[in-house]
Amino acid sequence: MTAYRFVPGLNEPQRTILPIPTPGPDEVLVKVLASGVCHSDVHLLDWSESRPFVPYSYTLGHEGAGIITRLGARVAATKPGLAVGTYVAVLTTNACESPECDRCSRGLANVCFSRPMLGISADGSWADYVVADARTVVPVPGNDPASARLPPAVVAAATDAVMTPWHALKRAAGVKPGQTVLILGCGGLGINTIQIAKNVLGVGVVVVSDIRQESLSLARKLGADHAATPEKLKGLLEEKGIKVDVAVDLVGKQSTLDAATDLVRSGGTVVLIGLGDDAVAINPLVLTTKQLSIVGSFGGDSQDLQECLQAVDEGKVRPEVEERPMDECAQVVKDLAAGAIRTRIALVPQ
């Protein structure tokens, strides 16, 4: 099979021919129908001393969707909902799910790193096939890859671009109906964050900020009540008398975190998702005198993925996804790094 792999020291995915893998007793083999691309892939390929990740090669791709073609020996007994032919989404957070795990046992399976994450340090879905633990695949509602609302490209993107803000808003921040949410950054995750806030959680007001006018226009179309560039954002909030309860930083740079802590109201919550800078600083005076809560959020778990796929199937969230051939993955990563991609890209094997 063809696979596109990370090789230490090289900043482009490397096309490689590999044997089709064999699933272990608790694993499934999935024929990949689509695999997403996001800024995490840009960071993974930007290997440096400050971003070392892992010192070995592996197949990229942490947003996968496909069809199960083979079951491990124990899967039929332990996961009766899975069978050859089941249409699934592949969860990259490869949690151990052990009752003795400090994280999994406390509802934090999304940050259990006891096993390598698919496409981030273990072989992922930028390939014709991927092997995954049966506990990390989620059946897609309707089991139909030809579905208008849940085609493979959308399902693949949903494993990150929908699930990540879903977990952040619903579980990490505990956003409540009627609250005001500020979203900093309106790319592939931001457009879904708007829809989750408005159409699922019943947020009262959504304000979006981005440096790109086309992203602001799209944000308004998707339900944002207000949208502004960073330099005009504070003036907009003051003019409209808007008090921000929850600020979501999807960029993760010093400037966006500063904006979040500055613009959220006293007693409010800042949710950090973006990983734009290697390190950011927080002003302790602002944090304490405004009595702010700052919450980090990473990915999601199988419950989050099940719920967000259902929301997509119901039309409450409509991810914006473009398809590209998988052999264009290197160019897609370059375009994403350059800010030339507005929404989300899913790679399709040839």
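V248 in β12 has V271 as its bridge partner in β13. That pair belongs to a longer run: β12 (residues 244–249) and β13 (residues 264–272) lie parallel and share 5 bridges. Strands here are DSSP runs of E with at least two residues, helices are runs of H or I with at least four, and both are numbered from the N terminus. Two strands count as paired if DSSP finds at least two bridges between them.

Before going further, a word on what you're looking at: this is a predicted model, with local features needing pLDDT of at least 70 and side-chain atom pairs counting only at pLDDT 80 or more, while totals for chains, interfaces and linings use all residues. Residues are numbered from 1 along each chain as its sequence is written, and side-chain values use heavy atoms, with hydrogens and water left out.

Now zoom out to the sheet around that pair. It is open, has 6 strands in the order β11-β10-β9-β12-β13-β14, and its pairing is parallel. At the edges stand β11 and β14 (293–296); each has a single partner strand, so one side of each has no neighbour in the sheet. From one strand to the next, the twist averages 15°. Helix α4 packs on this sheet, touching β9 (180–184) and β10, and its direction makes about 170° with that of β10. That angle is between N-to-C directions, on a scale from 0 to 180 degrees, with axes fitted as lines to C-alpha atoms (for helices, over the stretch in contact).

Helix α5 (residues 213–221) is worth a look next. Its buried residues are S215, L216, L218 and A219. Viewed down the axis of α5, they fall within an arc of 160°, so they line one face of the helix; the arc is taken from the directions that lead from the helix axis to the C-beta atoms. "Buried" is under 20% relative accessible area, exposed is over 50%, and partly exposed is in between (1.4 Å probe, protein chains only). The buried residues of α5 pack against α4 (190–200), β10 (205–209) and β11 (226–228), where contact means heavy atoms within 4.5 Å. After α5 comes G223, with a positive phi near 120°.

Elsewhere, strand β16 (residues 344–348) has 4 of its 5 residues buried, so the rest of the structure largely encloses it. β16 pairs with β15 (residues 321–325) in the parallel sense over 5 bridges, and R344 is the bridge partner of V321. With β3 (residues 27–37), β16 pairs in the antiparallel sense over 3 bridges; there, G36 is matched with A346.

There's also an open sheet of 3 strands, ordered β2-β1-β4 with antiparallel pairing. Its edge strands, β2 (14–17) and β4 (58–59), each pair on one side only. Strand β1 (residues 2–6) is joined to β2 by 4 bridges, and T16 in β2 is the bridge partner of A3.

Finally, the whole protein: 10 helices and 16 strands. The radius of gyration is 20 Å, close to the 20 Å that the globule rule gives for 350 residues, so the protein is as compact as a globular protein of that length. That radius is taken over C-alpha atoms, and the rule is 2.2 Å times the number of residues to the power 0.38. The C-alpha trace spans about 60 × 40 × 40 Å along its principal axes. Of the 350 residues, 54% count as buried. Among contacts with a separation of 6 or more, 72% come from residues 24 or more positions apart.
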